[in-house]
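User: Hello! I'm new to this structure and would love a close look at one part of it. Could you walk me through the salt bridges, step by step?

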Amino acid sequence: MKNRIKKFFVFISSVVMVFTMGTSVYASEEDNVQVGKTDEGYIYQANEKTVEYLEDVDGYFFENVTKDKVTEEFDKAFGVYGQNNLYVATEKEVSPEFIKKSKSVLNEKNVECFGVEPRNYRKSYTLNSSMKGPAGQNIRVYWVVEMNMTTVTHQGKEYAMFVSFSAKSNFSLETNSYVQASGTGSPVYSITNSGATMSVRQMIQLETANTVSADLSVGFEWVQISAGTGSSVYLRSKTTLCSASVTLPIINIIM
């Protein structure tokens with residue numbers, strides 16, 4: 001066991017050395033955080049902790065950071081709206097793509113698992129936006145993203161090793177008063193700003209699921225498309241660009 005522990009910490013030290021010798025390295029004066037550009041992406045280090053954003057797999061590799069710390073900071077960043085609890089994912093619940101990515105990263109980083117199989121978790125978050133309803137009210141629009149996490153346990157502590165996010169293909173509404181119309185496009189998800197920002201944008205068009213009064217004073221974003229019974233009508237919105245973003249808590253995770 002002593003040899004395994006030594007191997008584990010030698011690996012951590014080697015990563016730090018590569019980081020300090022790499023190109024485009026700079027430090028944050030405020031938090032004394034070192035940030036560098038590597039061949040694989042961007043690396044952040046402070047307090048003997050490391051987060052590395054790997055552009056080719058669109059995921060994050062962690063060192064000396066516990067599972068609970070990662071989850072706590074992501075919870076704060078996304079907010080509690082629409083979250084579920086972090087749970088151990090079964091083999092069927094974890095996508096083959098994530099398993100492939102995770103195994104590849106842990107292998108390339110020479111992660112020592114100490115004879116214990118890595119564990120995979122899942123947790124959903126939402127990115128939130130809104131668009132104007134017929135009477136000027138806000139209609140909440142949201143996109144669900146799944147956080148997939150691989151952990152390794154050592155000496156009773158469970159450490160986050162790799163995290164990536166997968167996004168569901170379309171937006172959702174918190175009300176069933178509207179349905180998607182033909183002008184809706186496909187969502188575009190991206191991680192930018194050296195791995196520190198997640199965002200989504202989508203052209204969305206809605207129609208009322210039920211008729212509304214023809215006497216309703218509606219905003220210019222909505223038009224009548226057909227008549228219902230009596231003095232009721234169906235309405236359709238203009239196509240609207242909706243977007244949302246979240247600053248990922250990379251610095252907080254290593255502080």
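Let's start with one pair: are Glu52 and Lys109 buried or exposed?

Analyst: Happy to help! Please keep in mind that this is a predicted model. To your question: Glu52 and Lys109 are both buried. Their side chains meet in a salt bridge, with an N to O distance of 2.9 Å. This pair links distant parts of the chain, since the two residues are 57 residues apart. Glu52 belongs to strand 4 (residues 49-54), while Lys109 is found in the loop between helix 3 (96-108) and strand 7 (119-132). As general background, side chains of opposite charge can pair when their charged atoms come close.

Helix 3 itself offers a second pair. Here the side chains of Glu97 and Lys101 form a salt bridge, at 3.8 Å from N to O. Both residues sit in helix 3, four residues apart, which is about one turn of the helix. What about the surroundings of Glu97? With a relative accessible area of 56%, Glu97 lies above the 50% cut-off, so Glu97 counts as exposed.

A third pair joins Glu174 and Arg140, whose closest N and O atoms are 3.7 Å apart. Glu174 is in the loop between strand 10 (172-173) and strand 11 (178-180), and Arg140 is in strand 8 (residues 138-154), so the salt bridge ties together parts that are 34 residues apart in sequence. The two partners also have their own accessibility values. Glu174 has a relative accessibility of 47%, and because this value falls between 20% and 50%, Glu174 counts as partly exposed. Arg140 has 11%, which is under 20%, so Arg140 counts as buried.

Salt bridges can also be linked together in this model: Lys69, Glu72, Glu73 and Lys76 are connected in a network of them. For the full picture, a search of the whole structure finds twelve salt bridges. Among them are the pair Glu52 and Lys109, the pair Glu97 and Lys101, and the pair Glu174 and Arg140.

To recap the places involved, the Glu52 and Lys109 pair connects strand 4 with the loop after helix 3, the Glu97 and Lys101 pair stays within helix 3, and the Glu174 and Arg140 pair connects a loop with strand 8. If you trace these in the viewer, a good place to begin is Glu52 and Lys109, the buried pair we started with.

Methods
Residues are numbered from 1 along each chain as its sequence is written. This is a predicted model: local features need pLDDT of at least 70, side-chain atom pairs count only at pLDDT 80 or more; totals for chains, interfaces and linings use all residues. Side-chain values use heavy atoms; hydrogens and water are left out. A salt bridge is a side-chain nitrogen of Lys or Arg within 4 Å of a carboxyl oxygen of Asp or Glu. Buried means under 20% relative accessible area, exposed over 50%, partly exposed in between (1.4 Å probe, protein chains only).
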